[in-house]
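Visitor: I'd like a close look at one part of this structure, please. Pick a residue to start from, and then walk me outward from there, keeping it informal.

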Amino acid sequence: MSTTALSKPTLRRKSRSDARLGWAFILPAGVGLIAFYIWPLIRGIWLSFTEYNLLTPEKFTGVANYQRMIRDDTFWNAIWVTLEYVVLNIGFQTILALAIAVLMQRLTQSTLVRSIVLTPYLVSNVVAAMLWLWILDNTLGVTNQIIEALTGESVNFFSSALAIPTIAFINVWRHMGYTALLIFAGLQAIPNTVYEAGKIDGASEWTMFWRITMPLLRPILALVLIMTMIGSFQVFDTVSVTTQGGPVNATRVLQFYIYDLAFGRFQFGYASAIAVGLLIILAAITAVQYRLMRAGQTDLD
């Protein structure tokens with residue numbers, strides 16, 4: 001009895017010590033979360049109801065910024081340009097990443113191959129954009145030199161018609177390796193027994209891909225689509241380096257429009273209102289994706 005009685009205070013002290021250690025580890029991340037996410041979010045929401053230009057005190061204007069946003073043709077153009085980019089980026093990135101992941105699973109699971117696939121993701125967005133800007137340059141780019149040698153004409157990849165597909169291609173090249181590794185990790189979690197059962201039943205590789213792989217991969221694909229969708233709506237650096245939102249407004253995506261309003265025209269209140277609008281759009285799309293794809297459920301149970 002005495003041993004039990006002595007052990008309880010010891011366990012309580014150990015529990016308090018573990019709790020303090022846990023809080024010590026959480027504290028730096030918690031401070032960063034509050035300082036760089038929660039406080040800017042609260043501040044941005046407040047500024048969206050004000051007129052503010054850094055030089056004068058904030059002036060509360062109610063929903064005037066949101067009314068202006070509804071009537072702003074440039075804002076709606078930025079919405080459509082961003083949606084075009086999102087569709088192209090997510091579509092090609094997901095298809096290519098899925099193909100690479102399946103090939104890695106079926107043909108080789110070499111660490112070297114995975115490292116090579118991931119290499120473009122290790123390049124910063126700015127460096128990748130500058131690299132492809134030089135490669136695809138209308139006069140000096142190696143791509144256009146090859147095209148001109150074959151056809152006698154050059155192609156302006158950053159013209160109004162091709163600018164958004166080109167920017168989407170650049171970001172697909174950079175991110176598809178990382179996306180492929182996420183999908184590859186999901187493929188690794190699928191038991192080999194289900195494929196063996198499919199072979200016994202006489203199912204072809206194509207049939208097993210659609211009837212076994214895709215259903216069991218659904219939670220990972222949902223995660224990948226949500227992540228790529230959020231990242232695609234926030235595209236900025238590639239546009240800033242290559243086209244600066246031009247020609248005219250052909251590549252003026254939402255994030256670049258917000259940046260231009262805030263740091264180019266010092267209209268921080270209106271820029272904050274558009275940022276809040278983007279937050280609402282992303283939250284709504286994410287909720288719909290999560291529900292439709294049943295991301296929290298798995299067919300492995």
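**Starting from one isoleucine**

Guide: Let's start at Ile38, which has a relative accessibility of 37% and so counts as partly exposed. For that label, the value has to sit between the 20% under which a residue is buried and the 50% over which it is exposed. Bear in mind as we go that this is a predicted model. Ile38 belongs to helix H1, which covers residues 2-47. It also has company: together with Leu33, Ile34, Phe36, Tyr37, Trp39 and Ile42, Ile38 makes up a nonpolar surface patch of about 820 Å².

Now go to Arg43. This arginine forms a salt bridge with Glu58, and their closest N and O atoms are 2.6 Å apart. Arg43 sits in helix H1, while Glu58 is in the loop between strand E1 (50-51) and strand E2 (59-60), so the pair ties together parts that lie 15 residues apart in sequence. Neither partner is buried: Arg43 has a relative accessible area of 28%, which makes it partly exposed, and Glu58 gets that label too, with 30% relative accessibility.

How many salt bridges does the structure hold? There are 3. Since we've met the Arg43 to Glu58 pair, let's follow the trail to Asp260. Its side chain meets that of Arg252 in a salt bridge, at 3.3 Å from N to O. Both Asp260 and Arg252 are buried. Asp260 has a relative accessibility of 18%, and that is why it counts as buried, the cut-off being 20%. Asp260 also meets the side chain of Arg265 in a salt bridge, with 3.0 Å from N to O. Arg265 is partly exposed, at 41% relative accessible area. Through these shared partners, Arg252, Asp260 and Arg265 are joined into one network of salt bridges.

While you're in that stretch, have a look at the backbone. Most residues other than glycine have a negative phi, and most peptide bonds are trans. Against that background, Phe266 has a phi near 60°, which is positive although the residue isn't a glycine. You'll find Phe266 in the loop between H11 and helix H12 (268-292), and it is partly exposed, with a relative accessible area of 39%.

Gln244 is another one to click on: its phi is near 55°, again positive in a non-glycine residue. Gln244 lies in the loop between H10 and H11 and is partly exposed, its relative accessible area being 49%. Pro247 is in the loop between helix H10 (237-242) and helix H11 (254-264) as well. The peptide bond leading from Gly246 into Pro247 is cis, with omega near -5°.

To finish, let's turn to how some helices pack, with helix H9 as the reference. Helix H3 (residues 73-107) packs with helix H9 (residues 205-233) at about 140°, with 10 Å between their axes. That angle makes H3 oblique to H9. The crossing of this pair, H3 and H9, is right-handed. As for helix H7 (residues 163-188), its axis comes within 9 Å of that of H9, and the two cross at roughly 150°. That puts H7 roughly antiparallel to H9, and H7 passes H9 in a right-handed crossing.

Notes:
Residues are numbered from 1 along each chain as its sequence is written. This is a predicted model: local features need pLDDT of at least 70, side-chain atom pairs count only at pLDDT 80 or more; totals for chains, interfaces and linings use all residues. Side-chain values use heavy atoms; hydrogens and water are left out. Patches are made of residues with over 30% relative accessible area and no salt bridge: like charges are joined within 9 Å, nonpolar side chains (Val, Leu, Ile, Met, Phe, Trp, Tyr) within 5 Å. Accessible areas come from the Shrake-Rupley method with a 1.4 Å probe; for residues, only the protein chains shown count as cover. A salt bridge is a side-chain nitrogen of Lys or Arg within 4 Å of a carboxyl oxygen of Asp or Glu. Helices (H or I, at least four residues) and strands (E, at least two) are DSSP runs, numbered from the N terminus. Buried means under 20% relative accessible area, exposed over 50%, partly exposed in between (1.4 Å probe, protein chains only). Axes are lines fitted to C-alpha atoms, for helices over the stretch in contact, and angles run from 0 to 180 degrees between N-to-C directions. Angles under 35 degrees count as roughly parallel, over 145 as roughly antiparallel, 65 to 115 as roughly perpendicular and the rest as oblique. A crossing is left-handed if the near helix is turned anticlockwise from the far one by less than a right angle, and right-handed if clockwise.
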